[in-house]
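Q: Please take a close look at one part of this structure, the place where its two chains meet. A connected account suited to a first-year student would be welcome.

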Amino acid sequence: MNDTPVIGVLALQGDVREHLTALAVADAVARPVRRPEELTEVDGLVIPGGESTTISKLAVLFGVMEPLRARVRDGLPVYGTCAGMIMLADKILDPRSGQETVGGIDMIVRRNAFGRQNESFEAAVEVEGVAGAPVEGVFIRAPWVESVGAGVEVLAEHGGHIVAVRQGNALATSFHPELTGDHRVHALFVDMVRAERAAESL
Amino acid sequence: MSVTSPAPTPETGTARVKRGMAEQLKGGVIMDVVTPEQAKIAEDAGAVAVMALERVPADIRKDGGVARMSDPDMIEGIIGAVSIPVMAKSRIGHFVEAQVLQSLGVDYIDESEVLTPADEVNHSDKWAFTTPFVCGATNLGEALRRIAEGAAMIRSKGEAGTGNVVEAVRHLRQIKGEIAKLRGCDNNELYAAAKELRAPYELVKEVAELGKLPVVLFSAGGVATPADAALMRQLGAEGVFVGSGIFKSGDPAKRAAAIVKATTFYDDPKIIAEASRNLGEAMVGINCDTLPETERYANRGW
């Protein structure tokens with residue numbers, strides 16, 4: 001088995017290129033995923049930042065939603081940033097009508113919780129499992145996590161709100177490490193994918 | 001990319017937050033809307049943002065007169081109706097309109113040639129705002145001058161309100177072509193290139209190194225069909241603005257959804273064909289070669 005994991009980036013809409021770059025720097029083979037059949041070829045998947053309503057609609061429309069849910073249930077490692085975090089939430093506090101999620105993390109997410117674009121901000125964030133200096137958190141119309149279930153690990157908070165979580169093979173952040181050039185969070189995810197591959201090949 | 005040390009306290013309105021916002025819109029469609037109902041139709045169709053304005057460009061063209069910033073009530077109505085980002089237009093150089101739009105909480109300000117310019121020499125100083133700006137450009141020099149003034153996103157101008165994609169193609173090809181040319185320049189040539197482009201040397205050098213603008217590049221002005229949107233994407237636009245093309249057509253909800261699909265699967269003719277079926281009447285459109293110079297919005301901006 002080739003040692004380099006193949007990680008997809010859901011490329012229906014959003015900052016796909018930045019994630020592809022970050023994953024490549026973190027020593028993964030990165031490729032865009034738009035179709036159900038492309039989903040079968042990856043060891044892990046990133047759901048990028050973008051508009052969660054748009055990504056959700058397109059995922060349903062083009063038949064990606066159901067197979068993605070099935071793979072996440074089967075333990076496919078996934079990482080969502082911002083809109084991607086919303087997509088990984090089992091529940092959205094204030095969904096638009098018909099807005100579906102993939103789920104995978106037992107949490108309730110509030111969309112645009114930190115406010116509109118004028119309130120978007122940068123701040124240092126200490127992330128559990130990321131060694132060294134704090135991560136540069138870029139929060140853009142960002143969601144936060146209202147509450148989590150017992151199985152969910154809280155990895156970071158900002159201003160008293162949960163902004164990074166992990167449950168099993170699913171990782172999510174309110175902020176956008178892909179915009180910073182600091183790829184330690186992506187490296188953490190690539191490690192999760194490697195660990196899953198190692199466990200599967202046993 | 002260099003790793004800078006994180007801000008000790010939360011900081012709003014940084015270049016990264018402003019430009020990063022546009023990165024989140026990539027691969028998407030931004031739609032002109034004039035009522036909250038239209039905004040909801042756009043959101044339901046999968047738009048990544050809406051542009052709130054009183055009249056779509058086709059009507060501005062038809063009605064004539066001075067076109068200004070929209071009524072704050074109307075903008076707030078649209079902000080209240082949808083959860084996707086809301087953009088609104090200020091006149092070129094009308095920084096007070098921009099201040100008003102910022103105070104209303106719009107997510108992006110379009111300093112737009114579609115409205116009647118307020119200043120025929122100066123654009124607004126966009127660094128002075130927390131709200132990010134998108135600006136139009138017909139060529140690379142114009143794009144870089146806007147970025148130097150603080151624009152966090154660029155759209156090729158095209159010719160708004162015509163339903164004719166020819167100018168959009170011209171301007172995007174122009175910008176992409178000039179970027180490609182810069183890629184081929186050696187360091188000695190970049191100084192003269194900057195002079196020719198009438199743009200700051202540092203930005204010219206950055207574009208030569210990146211092979212792209214330092215901000216997101218969308219296309220605008222004349223997109224009316226799914227194939228038009230896919231064409232602009234294949235030519236290198238990272239997303240599209242659709243103005244009059246949707247709500248001046250026979251079945252706006254259907255056309256809007258179709259353009260969204262074609263923008264995501266811009267390189268898949270089968271999906272574009274599927275999306276193009278039975279959309280009803282497209283907007284009638286105007287032949288740009290019969291349009292007098294004085295009625296070309298793309299000429300506005302300096």
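A: In this predicted model, an open sheet is built from three strands in the order 8(A)-7(A)-1(B), with antiparallel pairing. Strand 8 (135-139) of chain A and strand 1 (11-12) of chain B stand at the edges; each has a single partner strand, so one side of each is left without a neighbour in the sheet. Within chain A, strand 7 (residues 121-125) and strand 8 pair in the antiparallel sense over five bridges, and Ala123(A) stands opposite Gly137(A) of strand 8.

The sheet leads to the contact between the chains. Chain A contributes 43 residues to this contact, and chain B contributes 53 residues. Together the two chains bury about 3,700 Å², of which 51% lies on carbon and sulfur atoms. Of the area that chain A buries against chain B, 18% is supplied by Arg116(A), Asn118(A) and Glu122(A), more than by any other three residues.

Polar and charged groups also take part. Between chain A and chain B there are nine salt bridges. One of them joins Arg35(A) to Asp268(B), with the closest N and O atoms 2.8 Å apart. Across the interface, 30 residue pairs are in polar contact, both residues being at pLDDT 80 or more. On the side of chain A that touches chain B, helix 1 (16-25), helix 3 (52-61), strand 7 and strand 8 each supply at least two residues. Helix 3 of chain A gives the most to that side, with five residues.

How values were computed:
Residues numbered from 1 in each chain as written. Chains lettered and ligands numbered in written order. Predicted model: local features only at pLDDT ≥ 70, side-chain atom pairs only at ≥ 80, totals over all residues. Heavy atoms only, no water. Pairing = 2+ DSSP bridges. Helix = DSSP H or I, 4+ residues; strand = E, 2+ residues; numbered from the N terminus. Contact = heavy atoms within 4.5 Å. Buried area = accessible area lost by both parts, 1.4 Å probe. Salt bridge = Lys/Arg side-chain N within 4 Å of Asp/Glu carboxyl O. Polar contact = N/O pair within 3.5 Å; in protein donor to acceptor, adjacent residues only side chain to side chain.
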